[in-house]
Amino acid sequence: MLSHSKREENELDRRANPWWKPAPPKRLRWRPLLSFAASMVVIAGLVHPALGNPAQVTNLLQPLSQPAQEIKELSLLVLAICAVIFLIVVGLLVYAVVRFRHRPGDEASEPPQIYGSNQIETAWTVLPILIVFVLILVTSRTIADIQNRKAAPGAVQATVVGHQWWWEIRYPELGIVTANELHVPASDGNRRQPTFLKLQSADVAHSFWVPQLAGKTDVIPGRENAMWFEPTQPGTYLGNCAEYCGMQHARMLIRVIVHPPGEFERWVAEQKRAAAEEPSAQAGRKLFFANSCVSCHAIRGTSAQGAFGPDLTHLMSRETLASGAAPNTPEGLRAWVRDPQKLKVGCLMPNLQMSDVEVDQIVSYLQTLK
Ligand code: CUA
């Protein structure tokens with residue numbers, strides 16, 4: 001009560017001032033608004049082509065696998081509920097702003113001050129509680145659905161280990177070790193073949209995310225997380241490390257290659273073979289084993305047993321190098337072997353200061369690892 005009359009007193013004091021006059025009604029200033037909108041359009045136009053090949057951009061709104069499909073449906077439901085709330089709130093706000101805007105002649109009067117309405121307060125307490133309750137129920141049902149899925153006997157099982165800055169991929173039951181490109185079978189109506197992953201970290205926290213297949217799962221040192229997916233459409237699915245993990249976090253890319261039914265078995269058979277021995281690449285082979293390459297890389301069937309870097313047994317079966325930093329072409333390999341730091345600054349593979357001839361020899365040996 002006191003503060004109310006105090007405010008009125010202040011208002012009267014202010015008006016007693018000889019220089020006081022009511023503020024002119026504010027006009028909406030269109031020009032800055034229009035130029036802001038125009039610059040947004042220009043920026044969007046510049047950014048969009050910079051995103052590159054649209055086919056390479058992963059879109060979590062185009063899921064091609066469970067559980068990504070289920071996650072998308074839940075997200076759309078949450079989005080729809082929030083959109084309705086947003087429209088109601090903004091609608092009421094705009095209505096109030098327009099309907100009760102300042103008009104000439106309003107200076108002397110104040111709108112009626114209304115405090116408290118039991119009906120309105122009950123409504124805006126109970127409704128949000130109901131909405132939140134619905135959201136909790138549908139979300140926890142989806143989470144339980146995804147987490148409780150158990151690997152059926154015979155399902156593909158792989159262990160993915162996050163390293164700075166690449167992914168080690170092991171299939172313990174198949175005896176295969178590879179890197180950065182996870183191969184899995186597609187499911188179809190006749191044969192359901194989900195893939196179950198165990199996620200581990202060799203160093204810091206990473207996060208495994210292939211948006212079209214499944215949600216993100218963190219990869220945490222000293223802990224094993226699990227996830228699964230069941231793609232139905234063969235193809236290559238791109239993903240990223242989704243947890244900042246150091247300098248080359250942005251070049252810690254994932255490729256999931258989904259094979260049509262039957263072809264996955266062929267890939268497995270090829271990966272199970274020991275490394276090829278080609279007499280033509282003896283010089284490079286010798287160089288590889290004489291250098292410190294062997295202390296970090298493994299090549300099955302040889303004395304190279306390093307576990308610090310990617311397994312190279314079937315290096316040439318991979319599409320990319322350095323966790324997606326470069327295409328796996330002879331030029332890419334040469335650039336990578338000559339100076340890994342140039343291609344991927346800060347990566348843990350050192351520059352071995354090899355001559356051009358040595359680089360060529362090593363690369364021709366690596367190219368025999370098919
Ligand atoms: Cu690994 Cu970010």
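This report describes the fold, the central sheet, two packed helices and several local backbone features of a predicted model.

**Overall composition**

The protein chain contains 10 helices and 13 strands, and 32% of its 370 residues count as buried. Among contacts between residues at least 6 apart in sequence, 63% join residues that are at least 24 apart. The accessible surface of the protein chain amounts to about 23000 Å², and carbon and sulfur atoms account for 63% of that surface.

**The six-stranded sheet**

Strands of a sheet pair through backbone hydrogen bonds, and the pairing may be parallel or antiparallel. In this model, six strands form an open sheet in the order 1-9-6-2-3-4, and the pairing within that sheet is mixed. Its edges are strand 1 and strand 4 (176–179), each of which pairs on one side only.

Strand 9 (residues 225–231) is mostly covered, since six of its seven residues are buried. One of its partners is strand 1 (residues 65–66), which pairs with strand 9 in the antiparallel sense over two bridges; here Ser65 stands opposite Pro231 of strand 9. Another partner is strand 6 (residues 195–201), which runs antiparallel to strand 9 and is joined to strand 9 by five bridges, with Phe196 standing opposite Trp228 of strand 9. Towards the other edge, strand 3 and strand 4 run antiparallel and are joined by four bridges, and the bridge partner of Glu168 is Ala179 in strand 4.

The loop between strand 5 (181–185) and strand 6 holds Gln193. With a relative accessible area of 8%, Gln193 falls under the 20% limit and is therefore buried. Leaving aside residues up to four places away in sequence, Gln193 touches Pro185, Ala186, Ser187, Glu230 and Glu265; of these contacts, the one with Glu230 links Gln193 to strand 9, given that this strand spans residues 225–231.

**Helices 6 and 10**

Helix 6 (282–290) and helix 10 (residues 356–366) can be described together, because the buried residues of helix 10 pack against helix 6 and also against helix 8 (330–338). In helix 10, the buried residues are Val359, Ile362, Val363, Tyr365 and Leu366. These residues cover an arc of only 160° around the axis, so they lie on the same side of helix 10.

In helix 6, the buried residues are Gly284, Arg285, Leu287 and Phe288. Seen down the axis of helix 6, they fall within an arc of 165°, and they therefore line one face of the helix. On the other side of helix 6, Lys286 and Ala290 are exposed. The buried residues of helix 6 pack against helix 7 (293–296) and against helix 10.

**Backbone features in loops**

Two cis peptide bonds may be noted in the model. The bond from Gln66 to Pro67 is cis, with omega near 0°, and Pro67 is placed in the loop between strand 1 and helix 3 (68–99). The second of these bonds joins Gln164 and Trp165, with omega of about -5°, and Trp165 is placed in the loop between strand 2 (156–163) and strand 3 (166–171).

Two residues that are not glycine have a positive phi, namely Ala322 and Ser323. Both are found in the loop between strand 12 (320–321) and strand 13 (326–327), and their values are set out below.

| Residue | Phi | Relative accessible area |
|---|---|---|
| Ala322 | about 55° | 15% |
| Ser323 | about 60° | 0% |

With relative accessible areas of 15% for Ala322 and 0% for Ser323, each residue is under the 20% limit and so counts as buried.

**A nonpolar surface patch**

At the surface, Leu60, Leu61, Leu76 and Leu79 make a nonpolar patch of about 390 Å². Leu61, one of these residues, is found in the loop between helix 2 (30–50) and strand 1, and strand 1 is also an edge strand of the six-stranded sheet.

Methods: Residues are numbered from 1 along each chain as its sequence is written. This is a predicted model: local features need pLDDT of at least 70, side-chain atom pairs count only at pLDDT 80 or more; totals for chains, interfaces and linings use all residues. Side-chain values use heavy atoms; hydrogens and water are left out. Buried means under 20% relative accessible area, exposed over 50%, partly exposed in between (1.4 Å probe, protein chains only). Two strands pair if DSSP finds at least two bridges between them. Contact means heavy atoms within 4.5 Å. The arc is that of the directions from the helix axis to the C-beta atoms. Patches are made of residues with over 30% relative accessible area and no salt bridge: like charges are joined within 9 Å, nonpolar side chains (Val, Leu, Ile, Met, Phe, Trp, Tyr) within 5 Å. Accessible areas come from the Shrake-Rupley method with a 1.4 Å probe; for residues, only the protein chains shown count as cover. A salt bridge is a side-chain nitrogen of Lys or Arg within 4 Å of a carboxyl oxygen of Asp or Glu.
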